Amino acid sequence: MTAPRDAAADGALPATADVVVVGGGAAGLMAAIQSARRGRRTVLLEKNQRPGLKILISGGGRCNLTTTRAGADLEAQYGPRRGRFLRHALRSFPPTALRAFVEAAGVPLQEEDLDKLFPVSQRARDVVDALLRVAATSGVALCTQAGALAVERAGAAFVVTTARGAIHASSLVLATGGLSYPKTGATGDGYAFARSLGHSLTATWPALAPLPVAEAWVRELAGIVVHGITLSSLDGDGRVVTARQRPVLFTHFGLSGPAPMDLAGDVEEARGAGAVRFDFAPDVSADRLEAAWLVAARAHGARQIESVLPDTLPERLRRALCQLAGGPGTLANWSRDGRRQLLAAVKELRVPVAKSRGYDHAEVTRGGVPLDEVDPRTMASRCCPGLFVCGELLDVDGPIGGFNFQAAFATGRLAGLSA
């Protein structure tokens, strides 16, 4: 059975369905496809004129669809609790399976830096178009400009009220996304729907967002990208929450790039008391580094202090570190106190960060429907029979690099196979 690609074209919203999927992002599209392939009469409701807006803008319009990581390594990227919840979803539909699915739909992928997979065409639109073709041929009835206004339980079924009328269904899949990138229509509607159907909610925070920093030395390094260093998030008590050895971009407002953005959720959860810590020489202990500096000072006393810093660090950064540690000078005149200050700057330089740049710049939302209220093998609600929750609406988020799309597609697939 094949349904129209866009039921909105003829103005018809079906009165009934077996499954209604609310939200046409990665999770919702995959859930609808899998449900329809099982022969379930499936209606996908999307508030915008076209589904997949977040896919369209991801990766600078190129769409970092997934990662090459796999198995326990893949699960670890989400942290212990979230990775454990995602285990069944990720192992039953790993990145290799997602790649095969997308390539079978006519979009070949290629591997790029940081284990990322992008369309060979470098066009996110090709991914969305492919998903829509698969949805249409699978029998999904897609209704655009039909955002859900309310959902309620009516006996053993659900009633979803939209601006274009109401639809009844025996199963309901919530795939509305979170609060990130409101320009795509993300308003957090799904949180209210989940709560109305019996779920509680954890606090929500912007995640995968750049970090504003007040320190002048950071902003003065705008344009510099540093590789091979470790950036850690610290809680209000100075304990490490997350450590990332990924690129860091210094900007006119603070920090961006994969490592800082990965830490945004931790910064937000610290409620203004957090910080990030740099280790500019993560492969060398402080003791070994200081010993090497002493040898250099004895052998090359006429050299400038910055000469002992790793030559992998940009010159402007090396000068900034020396300035933070008391200023430039020669190795012959380098005091023990000055050496210890530079050692601290290189190995454990802390920068207070009160918050991220917020939902307007966040790629994903941290928090949402608690994981213990959802069955990880089916995405079925433990609070409301017939309800399924998937994608960003769940309290699941991962680092930059296709991990959040992978989680969305994998959890959406389970919801569609079970709804």
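The following conversation concerns cysteines and one helix pair in a predicted model.

Biologist: How many disulfides does a search of the whole structure find?

Modeller: The search finds zero disulfides.

Biologist: Why is there no bond for the sulfur of Cys-143?

Modeller: The closest cysteine sulfur belongs to Cys-390 and is 18 Å away, which is too far for a bond. A disulfide requires the two sulfur atoms to be within 2.5 Å.

Biologist: And which cysteine sulfur is closest to that of Cys-390?

Modeller: That of Cys-384, at 15 Å, again too far for a bond.

Biologist: Is Cys-143 buried or exposed?

Modeller: Cys-143 is buried, because its relative accessible area is 0%. Cys-390 is also buried, with a relative accessible area of 1%.

Biologist: Turning to helices, where do α1 and α6 lie in the sequence, and at what angle do their axes cross?

Modeller: Helix α1 covers residues 26–37 and helix α6 covers residues 124–138. Their axes cross at roughly 25° and come within 9 Å. The crossing angle therefore makes α1 roughly parallel to α6, since angles under 35 degrees count as roughly parallel.

Biologist: Is the crossing left-handed or right-handed?

Modeller: The crossing of α1 past α6 is left-handed.

Biologist: Which residues make the contact?

Modeller: From α1, the contact is made by Leu-29, Ile-33, Ala-36 and Arg-37. From α6, Leu-131, Leu-132, Val-134, Ala-135 and Ser-138 take part.

Biologist: What is the contact of α1 with α6 like by class?

Modeller: The contact has seven nonpolar residues, one polar residue and one charged residue. Arg counts as charged, and Arg-37 of α1 is among the contact residues.

Technical notes: Residues are numbered from 1 along each chain as its sequence is written. This is a predicted model: local features need pLDDT of at least 70, side-chain atom pairs count only at pLDDT 80 or more; totals for chains, interfaces and linings use all residues. Side-chain values use heavy atoms; hydrogens and water are left out. Buried means under 20% relative accessible area, exposed over 50%, partly exposed in between (1.4 Å probe, protein chains only). Axes are lines fitted to C-alpha atoms, for helices over the stretch in contact, and angles run from 0 to 180 degrees between N-to-C directions. Helices (H or I, at least four residues) and strands (E, at least two) are DSSP runs, numbered from the N terminus. Angles under 35 degrees count as roughly parallel, over 145 as roughly antiparallel, 65 to 115 as roughly perpendicular and the rest as oblique. A crossing is left-handed if the near helix is turned anticlockwise from the far one by less than a right angle, and right-handed if clockwise. Contact means heavy atoms within 4.5 Å.
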